[in-house]
Amino acid sequence: MGDLRVCARAGAAVAALLAVSVLSGSAFAEDPDISGIYWITQYNAKVQLVGGGDLPLTPKGKAAYEKNTAGLKDGSISDDARKFCVPDGPVRTLAGPYPFEIVQAPPGQITMLYELNHQIRVIRMGKPLPKYEELVAYPAFNGFSVGKFEGDTLVVETGGFNEKTFLDATGAPHTDELTTVERIRKISPTQLEIVITVKDPDYYTREWQARFVYNLRNDLRIEDYVCGEPHRDISGIPGVRRP
């Protein structure tokens with residue numbers, strides 16, 4: 001009889017843990033493990049579209065891009081991400097030449113910790129993306145993200161971006177109507193792939209995609225990053241300009 005009570009209590013405990021997991025939007029025993037420290041395999045200052053070609057800019061988007069590129073060149077527009085260490089924002093963050101870490105915690109959340117500018121992205125699992133009217137009331141550099149696993153792929157939807165960032169280092173523009181969908185998955189035991197789909201109808205004539213590949217580097221740790229102070233040596237990353 002005592003053994004039966006012990007088994008019953010153990011079964012109840014497991015059921016409670018499973019209930020918490022379901023409520024939090026994560027079935028911890030089934031979700032793929034994508035945690036770890038990753039470092040990009042190739043840096044590009046200008047965003048590279050899947051399939052090649054130029055950004056599909058609307059006339060309004062082209063005017064904004066030309067204004068940004070000219071302003072960055074003559075100094076009339078500040079690249080605040082490099083000058084003040086504010087977050088790089090959508091797409092450009094994914095291209096960063098510094099490592100980042102994915103932490104599958106706390107329950108119901110995936111956290112992405114970027115060494116560059118110490119950015120923190122929170123992905124709320126199992127939640128719907130709020131409507132534009134709700135998101136635009138609290139715009140943020142990295143927006144508001146929700147996610148779910150589809151098989152081996154983490155699908156992340158994000159909206160609610162502010163307009164203080166560029167989509168790449170050349171000044172590719174976006175509006176606060178920008179939304180993105182990232183598909184994040186392991187393509188080998190030691191490599192991670194992120195394919196991001198960008199939608200911003202005011203500045204782009206169609207959706208477009210960019211793809212990034214990262215090596216798993218759990219031999220590293222995320223270091224301090226302070227404006228004006230020496231940073232990690234990134235000269236070994238292909239595409240990074242050597243001093």
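This passage goes through the strand pairings and the internal cavities of the structure, which is a predicted model.

Strand E2 makes a handy starting point. E2 covers residues 100-103 and shows two faces: Phe 100 and Ile 102 sit on the covered one, while Glu 101 and Val 103 sit on the uncovered one. E2 has pairing partners in both E1 and E3. With E1 (residues 36-40), the pairing is antiparallel and runs over 3 bridges; here Ile 37 is matched with Glu 101 of E2. With E3 (residues 109-114), the sense is again antiparallel, this time over 4 bridges, and Glu 101 has Leu 113 as its bridge partner in E3. So much for the pairing; the E2–E3 connection is a hairpin with 5 residues in between, and Gly 108 in that turn has a positive phi of about 85°.

Further along the chain comes strand E8, residues 191-199. Of its 9 residues, 7 are buried, so the rest of the structure largely encloses this strand. E8 is bridged to E7 and to E9. On the E7 side (residues 179-188), 9 bridges hold an antiparallel pair together, with Lys 186 partnered by Leu 192 of E8. The link from E7 to E8 is a hairpin of 2 residues. On the E9 side (residues 208-216), the count is 8 bridges, and the strands are antiparallel here too. One of the partnerships is that of Val 195 with Arg 211 in E9.

Then there is the empty space. Counting those of 30 Å³ or more, the structure has 2 cavities. The largest comes in at about 80 Å³. Its lining is made up of 13 residues, and Gly 89, Pro 90, Val 91, Arg 121 and Glu 182 are the ones closest to the centre. Sorted by class, that lining is a mix of 6 nonpolar, 5 polar and 2 charged residues. Glu 182, one of the closest to the centre, falls within the residue range of E7.

The second largest cavity has a volume of about 30 Å³. Lining this cavity are Thr 93, Gly 96, Tyr 98, Pro 99, Tyr 114, Glu 115, Leu 116 and Gln 119. By class, the lining splits into 4 nonpolar residues, 3 polar ones and 1 charged. There is a link back to the hairpin as well: Tyr 114 is in this lining, and residue 114 belongs to E3.

Definitions and conventions
Residues are numbered from 1 along each chain as its sequence is written. This is a predicted model: local features need pLDDT of at least 70, side-chain atom pairs count only at pLDDT 80 or more; totals for chains, interfaces and linings use all residues. Side-chain values use heavy atoms; hydrogens and water are left out. On a 1 Å grid over the protein atoms alone, a cavity is a set of points where a 1.4 Å probe fits but cannot get out, and a pocket is an open set with protein on both sides within 12 Å along at least five of seven lines; lining residues have an atom within 4 Å of a point. Grid points are joined across faces, edges and corners, and a volume is the space filled by probe spheres set on the points. Ala, Val, Leu, Ile, Met, Phe, Trp, Tyr, Cys and Pro count as nonpolar, Asp, Glu, Lys and Arg as charged, and the others, Gly among them, as polar. Buried means under 20% relative accessible area, exposed over 50%, partly exposed in between (1.4 Å probe, protein chains only). Two strands pair if DSSP finds at least two bridges between them.
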